[in-house]
Amino acid sequence: MIRKAMTDCFHVLIHEIHKFNGASELLDILASIISGFAVPLREEHVVFFKNIIISLHKVQTSNLYFDNLIRCSMLFLTKDSSLAIPLLEGILKFWPFANFFKETLFLQELPEVLEFCDVEKLKPLIPKLFKRIAKCISGSHLQVADRAMCLFESESFIQIIKHYKQMTFNMLVPVIAKLADSHWHKMLQESLTALKEILHKIDPIAYDTALENTEVKKFDK
């Protein structure tokens, strides 16, 4: 009964009013409930995760309860890691536009979700994921760019880059190499240079090939 009442409140928040002052408190209570879920999760709990927890990311005022939302998301993933792929799909689908603060929150959640992802099952999402990351790194907002570069501190993220280097290098190397030479902000330029060295160290041949492909495309144009 309690969970049904909470679900009704979240449905109103997601589909109608977009603001509810008690959302963070409800999610805090929900986190305690999720902690007690038995595994494997019942179907109704999986449906709740997909319909409510993922959908709460798209609410315009989600920054008001985002920390609590991440906590609930991670508790679900500890119960069933297969939910990480639907959550990643939701994050990419509901990625904020013209809201830089919310974008940094999404980037904060991203490495935690990737920790639970099965690398083999990520292939369909790799192009969309790394195009988004490259766009964040090359964007005009310094905090978003800095937070995106923090992804490289995650070992699971580096493993994904290595596993799909034929795709990831083509999207990351041209952007990072160019900005490492030309970015106007000195501290970010130093970070970009460090990222360039990380990518080169992973696979020098793939790195050079990605740069050459970029040059060929420019020449063809």
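Is S156 buried or exposed? In this predicted model, S156 has a relative accessible area of 16%. Buried means under 20%, so S156 counts as buried. To see where this serine sits, it helps to begin with the whole chain.

The chain has 221 residues, of which 46% are buried. Its secondary structure consists of 12 helices and zero strands, so the pattern read along the sequence is α-α-α-α-α-α-α-α-α-α-α-α. Along the principal axes, the C-alpha atoms fill a box of roughly 65 × 35 × 30 Å. Among the contacts with a separation of 6 or more, 72% are between residues 24 or more positions apart.

The surface and the charges can be described in the same way. About 11800 Å² of the chain is exposed, and carbon and sulfur atoms supply 56% of that area. There are 26 positive and 26 negative side chains, and the centres of these two sets lie 4 Å apart.

Helix 6 gives a view of the packing between helices. This helix covers residues 100-114 and has 15 residues. At 1.5 Å a residue it should span 21 Å, and its end C-alpha atoms are 21 Å apart, so the expected span and the model agree. The buried residues of helix 6 are K102, E103, T104, L105, F106, L107, E109, L110, V113 and L114. An α-helix has 3.6 residues a turn, so residues three or four places apart point the same way. The buried residues of helix 6 pack against helix 4 (66-79), helix 5 (84-93), helix 7 (126-138), helix 8 (142-149) and helix 9 (155-163).

Helix 9 is also the place of S156, which brings the account back to the opening residue. Leaving aside residues up to four places away in sequence, S156 touches P111, L114 and E115. One of these, L114, is among the buried residues of helix 6. The side chain of S156 is also joined to that of S154 by a polar contact of 2.9 Å.

A second serine, S55, lies in a loop, between helix 3 (43-53) and helix 4. Its relative accessibility is 12%, so S55 counts as buried. Not counting residues up to four places away in sequence, S55 touches I14, K50 and F94. The two serines thus have different settings: S156 is in helix 9, whereas S55 is in a loop.

Definitions and conventions: Residues numbered from 1 in each chain as written. Predicted model: local features only at pLDDT ≥ 70, side-chain atom pairs only at ≥ 80, totals over all residues. Heavy atoms only, no water. Helix = DSSP H or I, 4+ residues; strand = E, 2+ residues; numbered from the N terminus. Expected span 1.5 Å × (residues − 1). Buried < 20%, exposed > 50% of the residue type's maximum accessible area, 1.4 Å probe, protein only. Contact = heavy atoms within 4.5 Å. Areas by Shrake-Rupley, 256 points an atom, 1.4 Å probe, with all protein chains shown as cover. Lys, Arg positive; Asp, Glu negative; His and termini not counted. Charge placed at Lys NZ, Arg CZ, Asp CG, Glu CD. Polar contact = N/O pair within 3.5 Å; in protein donor to acceptor, adjacent residues only side chain to side chain.
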